Amino acid sequence: MRVLMVASECFPLVKTGGLADVVGALPAALAEGGCETRVLLPAYPTVAAGLSVTQTVATFDSLFGGPARLVLGKAQGGLEIVALEAPHLFDRPGNPYVGPDGSDWPDNHRRFAALAAAATQYAADPGDGWTADLVHCHDWQAGLTPVYLKRYMRVPPPVVFTIHNIAFQGCFPAAAVSELGLPLEMYTPAGFEYWHQVSFLKAGLVFSDRLTTVSPTYATELRTPRFGMGMEGVLTARAADLVGILNGIDDTAWNPATDRSIAARYSAKEPAGKAKDRAAVQAEMGLQPDPAALLACVISRLTYQKGLDLLAAALPALLTGGGQLALLGTGTPELEAMFVAAAHRYPGRVASRIAYDEGLSHRLIAGADAIVVPSRFEPCGLTQMYGLRYGTVPIVARTGGLADSVIDANEAAMQAGVATGVVFDPIDTDGMRAALRRALALHADGAVWRSMMLAGMRQDVGWVRSAAKYRALYEVLVSAAGG
Ligand code: ADP
């Protein structure tokens, strides 16, 4: 079976969040079950630089304001990429979505309509004969794909649409309907109209054959006003077609036994190296070299979603219990300032790096005792799964994929030896504070903590099981389509 993925991010070529990790890792896991995948991506400068191009598979005289072409290439690791080279849309430095002044690029509607149009062109007429049996779209940037497919193909392939985060909806003024050549009859509340705007996300939700999201709990949460962010009605109407499949992690990139970016390698069988990683992180981050302290880390976008203001407010509970915090993240100025101030206020106990740093993220996960993820909502979350893999105990809010991937250290779970972390609610400062105190108490008993670390390290957080679920879903759709 051939699957064309359409996405705006793919690790290691371009990444702002977990979407990239999923799109980068899922194809290899699918391949093991005989599913051939190509990923169609915008040729941002980092994508163009990271590809060895083999051939041109389509050309466009004019695609939303300039010439463009689709090229086939291989990324590091052998992942097959179809890159949309459209310099007028994508040859821009920095973040894929926002310009240097911090606001969205004013032509984002054209940029991501071009992505969908290119996907349609490639599905309808693959210049290299690679005919996709199914198209798998990711997040709002790919949302117009099923609309164009329906419009331009007599028998379009089935489309799966995955919601990685409902907060990003790709809404644009109504003028986009004619500018982007969208069918006017679909610009209704039952179609892609959303409060008199065009929503790319809603287009994907309404016109795809099946919907998935990245954890079972989030699939349920999405149908409620608290989490659905206005799309709960659409998702309730499509409940029968919506399924939650928990993300895996790339367990070759994230493996403490082979990780080249950490000071010492270790495993569940030979855990000794973790103490060296811990000492190395304390030294690198300027924390006191205290071997007994509970060293907690955070690796995150610093936004309201991630609930890190709750951690900042509850920080004294960690510190009075002898704990330390090492944070790596970038985000809103207020949250960045909050953690810079905390580091000044508690030197040697709190360290903050306001940066995006892949290598440091590995060193923190390896060196810390715990990872804190207090998100207000979290479709899946990856860092708690890195934590499980590295024996770094997750302290997480009870929501979305956090609730699905971490087993709380309640008494029954402890007795059964299956607890892997601390899961807390309500998701507020009191809940956070109580969770930190609970973690400190668990950490104080070395044997208890070790059993949680080992239970986490034994947990299967790779892609094999989830990839099998995607494959099963694809197979149902492709055979129903007569493939
Ligand atoms: P989201 O996609 O909402 O940002 P996820 O937990 O799903 O959250 O994925 C975040 C990904 O980005 C993880 O791979 C995490 O390690 C990485 N990440 C986030 N912030 C940073 C940072 N400052 N430096 C390095 N990696 C980061």
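**Exercise 1. The ligand and its polar partners**

Which polar backbone atom is 3.0 Å from an oxygen atom of the ligand?

Solution. The model is a predicted one, in which local features need pLDDT of at least 70 and side-chain atom pairs count only at pLDDT 80 or more, while totals for chains, interfaces and linings use all residues. Residues are numbered from 1 along each chain as its sequence is written, and side-chain values use heavy atoms, with hydrogens and water left out.

Begin with the backbone: a polar atom of L382 lies 3.0 Å from an oxygen atom of the ligand. Turn next to the side chains, where an N or O atom of R301 is 2.7 Å from a ligand oxygen, and a polar atom of D21 is 3.0 Å from an oxygen atom of the ligand.

**Exercise 2. The shell around the ligand**

Describe the residues that surround the ligand, by distance, by element and by class.

Solution. Of the 18 residues around the ligand, those that come nearest are G18, R301, K306, A355 and Y386, where a residue is near if one of its heavy atoms lies within 4 Å. Next, assign the shell to elements, taking helices (H or I, at least four residues) and strands (E, at least two) as DSSP runs numbered from the N terminus: β13 gives the most, with 3 residues. Finally, sort by class, which yields 6 nonpolar, 7 polar and 5 charged residues; here Ala, Val, Leu, Ile, Met, Phe, Trp, Tyr, Cys and Pro count as nonpolar, Asp, Glu, Lys and Arg as charged, and the others, Gly among them, as polar.

**Exercise 3. The setting of S215**

Is S215 buried or exposed, and which backbone atoms does its side chain approach?

Solution. Locate S215 first, in the loop between β11 (210-213) and α8 (216-221). S215 has a relative accessible area of 0% and is therefore buried, a term that means under 20%, with over 50% called exposed and values in between partly exposed (1.4 Å probe, protein chains only). The side chain of S215 nevertheless has polar partners: it reaches the backbone oxygen of P379 at 2.6 Å, and one of its polar atoms lies 3.2 Å from the backbone nitrogen of Y218. Last, list the contacts (heavy atoms within 4.5 Å): leaving aside residues up to four places away in sequence, S215 touches G244, I245, L246, P379, G400, G401 and D404.

Terms used. A polar contact is a pair of N or O atoms within 3.5 Å; within protein, one must be able to donate a hydrogen and the other to accept it, and residues adjacent in sequence count only if both atoms are side-chain atoms.
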